[in-house]
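This report looks at how side chains are packed in one protein chain, and at the pocket and aromatic pairs found in it.

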Amino acid sequence: MELSYFQLRLLTFLKESHPDKINDREFIRQRSELATLAYSDTIQSGKSHLEAGGLARAELFRGLHFSKYDTLFEVLSEEFAGTVGEEKIPQYTLELLPLCEDVFAKYSLGDGFADTPEYEKLYTELTGKIVAYGL
């Protein structure tokens, strides 16, 4: 299967920050089509390739800047470094994601969430949940 530039770009990003979404082919297809359309429309309106690329990236990554995976990974790396070996953190993060959904559900997780005071509350709650889980 041949992938477009935007599909490849999104897949690379998802592998790193949203591995739980990596197999959602329909999501990847839709997002890449929206990015392609945004790029094309911007060029056709007479704007530069740089502007078109920026608008296409905004469409491609909309709603993905905050990552539950990255947040859990950070908690495990920072708070459980002595308990969980560095090589096991990615695996544990994926295992813990569904178990922590109840904690994530309490918050309005948007692109700028990591820059809010609520992020520290989430971080603390996740730490407690992981401790309760037995790590």
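The sections below take up the nonpolar cores, the aromatic pairs and the largest pocket in turn.

## Nonpolar cores

The model is predicted, and its largest nonpolar core has 20 residues. Within this core, the residues with the most contacts are Leu-72, Leu-76, Phe-104, Leu-122, Leu-126 and Ile-130. The elements that each contribute two or more residues to the core are helix H4 (68–79), helix H5 (89–99), helix H6 (101–104) and helix H7 (117–133), and H7 gives the most, with five residues. In soluble globular proteins, nonpolar side chains tend to be buried together.

Ile-130 may serve as an example of the packing: once its neighbours within four places in sequence are left aside, Ile-130 is in contact with Leu-72, Val-75, Leu-76, Phe-80, Leu-96 and Leu-135. Apart from the largest core lies another core, of 12 residues, which includes Phe-27, Ile-28, Leu-60 and Phe-61.

## Aromatic pairs

The structure holds nine aromatic pairs. One of them joins Tyr-5 and Phe-6 in an edge-to-face arrangement, with 5.1 Å centre to centre and 70° between the planes. As for accessibility, Tyr-5 counts as exposed because its relative accessibility is 52%, and the cut-off for exposed is over 50%. Phe-6, at 11% relative accessibility, counts as buried because the cut-off for buried is under 20%.

Another edge-to-face pair is formed by Phe-66 and Tyr-119, with 6.4 Å centre to centre and 80° between the planes. Because Phe-66 lies in the loop between helix H3 (49–60) and H4, while Tyr-119 lies in helix H7, this pair ties together parts that are 53 residues apart in sequence. Phe-66 and Tyr-119 are both buried, and ring pairs link these two residues with Tyr-107, Phe-113 and Tyr-123 into a cluster.

## Largest pocket

Which residues lie nearest the centre of the largest pocket? They are His-18, Lys-21, Phe-66, Ser-67 and Lys-68, out of a lining of 13 residues. Phe-66 thus appears both in this lining and in the aromatic cluster described above.

The space in the largest pocket comes to about 180 Å³. Sorted by class, the residues that line the largest pocket are five nonpolar, four polar and four charged.

Note on methods: Residues are numbered from 1 along each chain as its sequence is written. Side-chain values use heavy atoms; hydrogens and water are left out. On a 1 Å grid over the protein atoms alone, a cavity is a set of points where a 1.4 Å probe fits but cannot get out, and a pocket is an open set with protein on both sides within 12 Å along at least five of seven lines; lining residues have an atom within 4 Å of a point. Grid points are joined across faces, edges and corners, and a volume is the space filled by probe spheres set on the points. Ala, Val, Leu, Ile, Met, Phe, Trp, Tyr, Cys and Pro count as nonpolar, Asp, Glu, Lys and Arg as charged, and the others, Gly among them, as polar. A nonpolar core is a set of buried Ala, Val, Leu, Ile, Met, Phe, Trp, Tyr and Cys residues joined through side-chain atoms within 4.5 Å. Buried means under 20% relative accessible area, exposed over 50%, partly exposed in between (1.4 Å probe, protein chains only). Helices (H or I, at least four residues) and strands (E, at least two) are DSSP runs, numbered from the N terminus. Contact means heavy atoms within 4.5 Å. Rings of Phe, Tyr and Trp (its six-membered ring) pair if their centres lie within 6.5 Å; planes under 30 degrees apart count as stacked, over 60 as edge-to-face and the rest as tilted.
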